[in-house]
Every structure is written in C-alpha cells, then in structure tokens.
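Me: Pick one helix in this model and give me a close look at it, please. I'd like to hear how it sits and what lies around it.

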Amino acid sequence: MQALRVGHLSPDLSGIALCELPVSEPGPGEVLVRVRATSLNYPDLLMTQGKYQFKPEVPFTLGLELAGEVVSAPQDSGLAPGDRVMGGAKTGGMADYAALPAANLRRIPDGLSFEQAAAMGAAYSTAYTALVEIGRLEAGQWVLIHGASGGVGLAACDLAKALGARVIAATHRTDKLARIEAAVPVDAAILNTGRFRDDVIRITEGKLCQIVFDPVGGDVFDESTRCVSFGGQLQVIGFVSGRIPDIAVNIPLIKGFSVTGVRAGEYARRFPERGQAIAADIDALASAGRINPHIDRTLPLTRWREAFDAMAAGEVVGKVVLVP
C-alpha cells in the first residue's frame with residue numbers, strides 16, 4: 001500500500017515522502033479499513049515539524065482522520081466487511097489502508113460522502129464539545145468565532161448557526177471574508193486584527209458575546225477579553241498564531257467571564273459516554289442535513305505537497321481532503 005510517511009522532522013516538508021509499505025496488519029480488537037478519503041488537519045502540519053504536543057516516534061504515517069470501507073473486523077465489534085465508516089487516530093490515516101481500534105470508528109451518517117465524512121470528525125467534535133457540551137450554547141446567543149476560515153472554525157460557525165446562535169465569524173484575511181459568508185450564512189464576518197471589539201459592539205448593539213471561540217491565541221486572545229459578556233466564556237482552543245497569551249486574573253474577575261480550555265479528544269477519552277453522545281448528536285445533525293462540512297478542495301494523495309503548502313500559506317477555507 002501507499003502511505004504518506006514522515007521520515008524525519010523538518011520545517012519545510014522535506015522529511016515527508018509517499019512510500020510503499022505492506023498492508024497494515026490489524027492487531028487484537030482492530031478493524032482494517034480501506035481508506036477512501038482522509039482530511040488534513042493543522043496538527044498534521046505541526047507533527048511534521050515536531051511542534052505538536054503529541055510527538056510520535058519517527059518514522060510514522062500522517063493522518064488523524066479518515067473515512068472508508070471495512071475490510072475485516074473482530075466479531076464483537078459490531079462492524080462487518082463493506083460497512084462505510086469514519087474515525088481516526090493520532091496517526092495512520094493518510095494511506096491506502098489503516099488498522100484502527102474498533103472503538104475509534106463509527107458508521108458514516110446517511111447522506112454523507114466519504115469526503116464529507118473524513119472532513120467532519122475532528123472539526124465538528126471540537127466545535128460541539130466547546131460550544132454545546134462545555135459552553136451550553138443557547139439559541140439567540142451571540143458567538144464570536146475566530147479562525148473562522150479554518151476547518152475547526154468553520155465547523156464551529158456551521159454548528160452554531162444550526163443550533164440557532166447568532167454568529168460573528170472572524171478571520172485575519174480580508175480575502176476570506178466573502179468565502180466564509182458563502183460557505184456558512186453567518187450573521188457577520190469581521191477581521192480579527194487591531195481593535196475588533198468596536199465591530200463586536202456595533203454588531204451586537206453593545207451586548208458583546210456569550211461565547212468567544214479562540215483557536216488563534218496571541219493578540220486575538222488579548223482583544224477577545226474585551227468582547228465577552230458578563231457570565232460568558234472565552235474558550236481556548238489553540239494557538240495557531242504562535243504566541244501563547246497570558247491574562248491577569250483580575251480581568252475575568254472584574255468582567256465576570258471564565259477562561260475555559262477545550263481539548264475535545266481528551267474530553268472524550270476521560271468521559272467516553274459523553275464522547276459517544278457527542279458523536280451521536282453530530283451524526284444526527286448531519287443525517288438531517290442541518291450541518292454541512294465544507295471542503296475547500298479534494299486532491300489525490302499523490303498531490304499531498306500541494307495540500308500541505310495551501311494549509312501552511314493560509315489559503316484554505318474549510319478542509320482539504322486527500323483521496324488515496
């Protein structure tokens with residue numbers, strides 16, 4: 001089989017190559033999947049450089065999430081050859097075949113293609129865990145979503161709108177504003193550069209936002225502390241800006257908001273019954289057509305460099321899907 005492997009860590013993708021390997025051998029409790037689509041996530045890019053918190057031993061196969069067909073499965077897994085499944089692990093998805101624990105897979109919701117299923121998992125799981133499970137999002141609330149052009153940010157916009165929230169999508173690139181609005185019918189799209197609090201005040205008529213969803217960090221986090229309403233949440237999703245910000249604790253004290261860290265994968269591992277419930281809710285929304293994973297482009301796995309370069313350059317709106 002072909003697999004996209006990291007042979008050594010590098011800042012310029014020089015350590016990555018498409019390799020020929022034996023077909024993965026499933027271990028005890030594992031399912032062998034013929035991969036039909038796999039999506040690119042920002043942690044994939046970071047892992048090629050050794051900058052992600054999870055640092056797999058080199059060499060390793062890239063790919064956090066995938067969708068495909070079951071080739072073989074344990075009898076007690078509830079899966080059978082031919083079943084359409086989605087899921088993933090920390091590595092291994094960017095290959096013709098992948099062997100995964102049965103618990104890491106679930107059937108693809110009705111109406112979703114392999115490409116959509118591969119694009120949905122991690123992004124919508126993060127969005128749902130943050131906004132609904134932890135944020136207790138209610139219809140009519142104002143939500144400010146940073147990094148709105150990225151896979152996770154756009155999923156958060158899509159989910160929040162599906163649940164009746166009023167969404168301000170924020171990005172640092174002027175050329176992405178119209179593309180975000182074309183992908184998801186947000187209430188407003190703004191630039192999260194400079195003093196964007198003025199835009200938030202104008203749009204919300206002074207109410208500010210009950211939830212601020214921030215995968216960016218840095219200066220965006222600093223200004224976001226001025227955009228949260230009393231009793232609201234400033235959710236820390238990540239630091240794609242490169243700077244991990246600090247906050248003086250008197251700010252949330254005086255302004256009456258909380259700063260909440262969200263790690264969806266870890267949340268599901270610590271509370272597996274909640275993780276299963278979150279996945280079921282997301283699948284139900286997808287089956288009903290209420291959420292729609294947005295795919296920026298679909299490329300063959302042989303064009304992996306084009307996909308990684310586009311993500312590194314910030315050209316992507318939504319997700320990039322690779323097809324083995």
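Reply: Contact here means heavy atoms within 4.5 Å. Bear in mind that the model is predicted, with local features needing pLDDT of at least 70 and side-chain atom pairs counting only at pLDDT 80 or more, while totals for chains, interfaces and linings use all residues. Numbering runs from 1 along each chain as its sequence is written, and side-chain values use heavy atoms, with hydrogens and water left out.

Let's take α5, residues 197-204 (helices, H or I and at least four residues, and strands, E and at least two, are DSSP runs numbered from the N terminus). Val200, Ile203 and Thr204 are the buried ones in α5, with buried meaning under 20% relative accessible area, exposed over 50% and partly exposed in between, for a 1.4 Å probe and protein chains only. Looking down the α5 axis, those buried residues fall within an arc of 85 degrees, so they line one face of the helix; the arc is taken over directions from the helix axis to the C-beta atoms. Flip to the other side of α5 and you find Asp198 and Arg202 exposed. Just after the helix, Glu205 takes a positive phi of about 55 degrees.

So much for α5 itself; now its cover. Over its buried residues you get, among others, β9, β10, β11 (188-191) and β12.

Some of those strands also turn up in the largest nonpolar core, which has 46 residues. (A nonpolar core is a set of buried Ala, Val, Leu, Ile, Met, Phe, Trp, Tyr and Cys residues joined through side-chain atoms within 4.5 Å.) Strands β9 (142-145), β10 (166-171) and β12 (209-214) each supply at least two residues of this core, as do α2 (114-134), α3 (151-162) and α9 (272-287). Helix α2 gives the largest share, 12 residues. Inside the core, the residues with the most contacts are Met120, Leu131, Ile145, Cys157 and Ile291. If you select Ile291, you'll see it touching Met120, Tyr124, Asp158, Leu159, Ala162, Ile282, Leu285 and Ala286, leaving aside residues up to four places away in sequence. Apart from this core lies another, of 21 residues, including Leu40, Phe60, Trp304 and Phe308.

For a contrast with the two-sided α5, try strand β6 (residues 84-88): four of its five residues are buried, so the rest of the structure largely encloses β6.
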